[in-house]
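Here is a note for a colleague who is meeting this structure for the first time. Please read the points below with the model open beside them.

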Number of protein chains: 2
Amino acid sequence: MTSDERRVSIMELLKTRGRCMKGIELAEIFNVSRQVIVQDIAVLRASGEAIIATPTGYFVTPPRESVSLRKTIVTKHEGVDSIEEELVTIVDNGGKILDVIVEHPVYGEIRGNLMVGTRYDVEQFMKKVREDRAEPLSSLTEGLHLHTIEVPDEETYERILRELKKRNYLI
Amino acid sequence: MTSDERRVSIMELLKTRGRCMKGIELAEIFNVSRQVIVQDIAVLRASGEAIIATPTGYFVTPPRESVSLRKTIVTKHEGVDSIEEELVTIVDNGGKILDVIVEHPVYGEIRGNLMVGTRYDVEQFMKKVREDRAEPLSSLTEGLHLHTIEVPDEETYERILRELKKRNYLI
DNA sequence: TTGGTGACAAGACAGCTGTAAAGTCATTTA
DNA sequence: TAAATGACTTTACAGCTGTCTTGTCACCAA
């Protein structure tokens, strides 16, 4: 293992584990002295990595760590009623639909906000859709669209995927 | 000054100054011993403040400060050529157009990506608009729309506003 | 062969935070 | 009045990072 490989590995370790890692700890992992690690950290910092040293070890600030997970799902369906069923499936299983995204020939991705997290939200949203007779964004792409959804954990995400698949909405 | 007042002041100091502040430094400012500061930090942390201790002092992570400023402008115009003139005006004066936003009866805000920062970008974008004969998003609202633009400083922002106003694009 | 360079080990030290213990002083409570 | 409590000071120590110095070893070039 070269110095550079070790430095890359150090960054991976720091990024992967959220917790602090002490210099001596890293030194033992890579079978080098603590001073070598100190030097590696200096080099990594010089190359732009935002490594922070604390009395309990090194760490890097997590890149926008949110309590809940954000996932993107690709779904397809046509008709207003299908929209409702899709949304209901997601919120019933613990997900929150943040937006809808479709591909536009000029703008690339177009995002529309939804912020639908409960059955009540779904109702309000569908009411607006029906009242305004507005074309849903997904009509631009024959029903194909993406949603950003927020879920508390991986398990919830898997469950939502299963339920959507069961109803043939998932791509 | 009570303990609570001192703790509030400590947080203000840490948030205001970007740099690290040592325990002994804070102790001298408030005329107390370092141990009192240590205790204060412990209390503040217990109350949810994300204070980080480093060998060079305490600090709080800055709230996602970006190097450049992001501003939102409201403009209005009709016709494809006006689009081009508006974009050119912005990029010529040092702005980058990140997106276009219009109000949609159902989705609220709809965002389309632009990422136009140079005249070349403007050309490419206009080419796509003309080739695809795609309706620009702003046609939904009689030409009224918002842009998020990125500028290096306030001065640039003011200049862009002046130039847009001169051409009667600004609301 | 000789000299230079890079990577590393080992030890020592300074500065910082965090913890703990013991003592002082004013205020509150029984 | 006497005890208890809270805020603070002082002292001491452990653990960590960062810096510095000295020495070893392998490799490469003149």
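The numbered points that follow take up the model itself, the two DNA strands, and then several single residues and strands.

1. This is a predicted model, in which local features need pLDDT of at least 70, side-chain atom pairs count only at pLDDT 80 or more, and totals for chains, interfaces and linings use all residues. Residues are numbered from 1 along each chain as its sequence is written, chains are lettered from A and ligands numbered from 1 in the order in which they are written, and side-chain values use heavy atoms, with hydrogens and water left out.

2. Chain A is divided into domain 1, residues 3-60, and domain 2, residues 69-166, with bounds that come from an automatic or database domain assignment. The centres of domain 1 and domain 2 of chain A, taken over C-alpha atoms, are separated by 42 Å.

3. Around DNA strand C there are 19 residues, of which the closest are R6(A), S33(A), R45(B), P55(B) and Y58(B); a residue is near a strand if one of its heavy atoms lies within 4 Å of it. Of the atoms of DNA strand C that come within 4 Å of the protein, sugar and phosphate account for 67%. By class, the surface near this strand has seven nonpolar, eight polar and four charged residues, where Ala, Val, Leu, Ile, Met, Phe, Trp, Tyr, Cys and Pro count as nonpolar, Asp, Glu, Lys and Arg as charged, and the others, Gly among them, as polar.

4. Which elements supply at least two residues each of the surface near DNA strand C? They are α1 (3-16) and α3 (34-46) of chain A together with α3 (34-46), β1 (51-54) and β2 (57-60) of chain B, the helices (H or I, at least four residues) and strands (E, at least two) being DSSP runs numbered from the N terminus. The element that gives the most is α3(B), with four residues.

5. Some side chains can be placed against particular atoms of DNA strand C. An N or O atom in the side chain of R34(B) is 2.9 Å from a base oxygen, and for the side chain of Q35(B) the corresponding distance to a base oxygen is 3.3 Å. The side chain of R45(B) has an N or O atom 2.2 Å from a phosphate oxygen of DNA strand C.

6. DNA strand D is likewise surrounded by 19 residues, and the closest are G23(A), R45(A), P55(A), Y58(A) and S33(B). Sugar and phosphate make up 66% of the atoms of DNA strand D that come within 4 Å of the protein. A base oxygen of this strand is 3.0 Å from an N or O atom in the side chain of R34(A), while phosphate oxygens are 2.3 Å from such an atom of R45(A) and 2.7 Å from one of Y58(A). Two or more residues of the surface near DNA strand D come from each of α3, β1 and β2 of chain A and α1 (3-16) and α3 of chain B, and the largest share, four residues, is from α3(A).

7. In chain A, strand β1 (residues 51-54) runs antiparallel to β2 (residues 57-60), to which four bridges join it; two strands pair if DSSP finds at least two bridges between them. The two form a hairpin with two residues between them, and A53(A) stands opposite Y58(A). From β1(A), I51(A) and A53(A) point one way and I52(A) and T54(A) the other, and all are buried, that is, under 20% relative accessible area, with exposed meaning over 50% and partly exposed in between (1.4 Å probe, protein chains only).

8. Is H147(B), in strand β6 (residues 144-151) of chain B, buried or exposed? H147(B) is buried, with a relative accessible area of 3%. Its side chain makes a polar contact with the side chain of E86(B) at 3.2 Å, a polar contact being a pair of N or O atoms within 3.5 Å; within protein, one must be able to donate a hydrogen and the other to accept it, and residues adjacent in sequence count only if both atoms are side-chain atoms. The side chain of H147(B) also reaches the backbone oxygen of D99(B) at 2.9 Å.

9. M115(B), in strand β5 (residues 108-116) of chain B, has a positive phi of about 55° although it is not a glycine, and M115(B) is partly exposed, with a relative accessible area of 46%.
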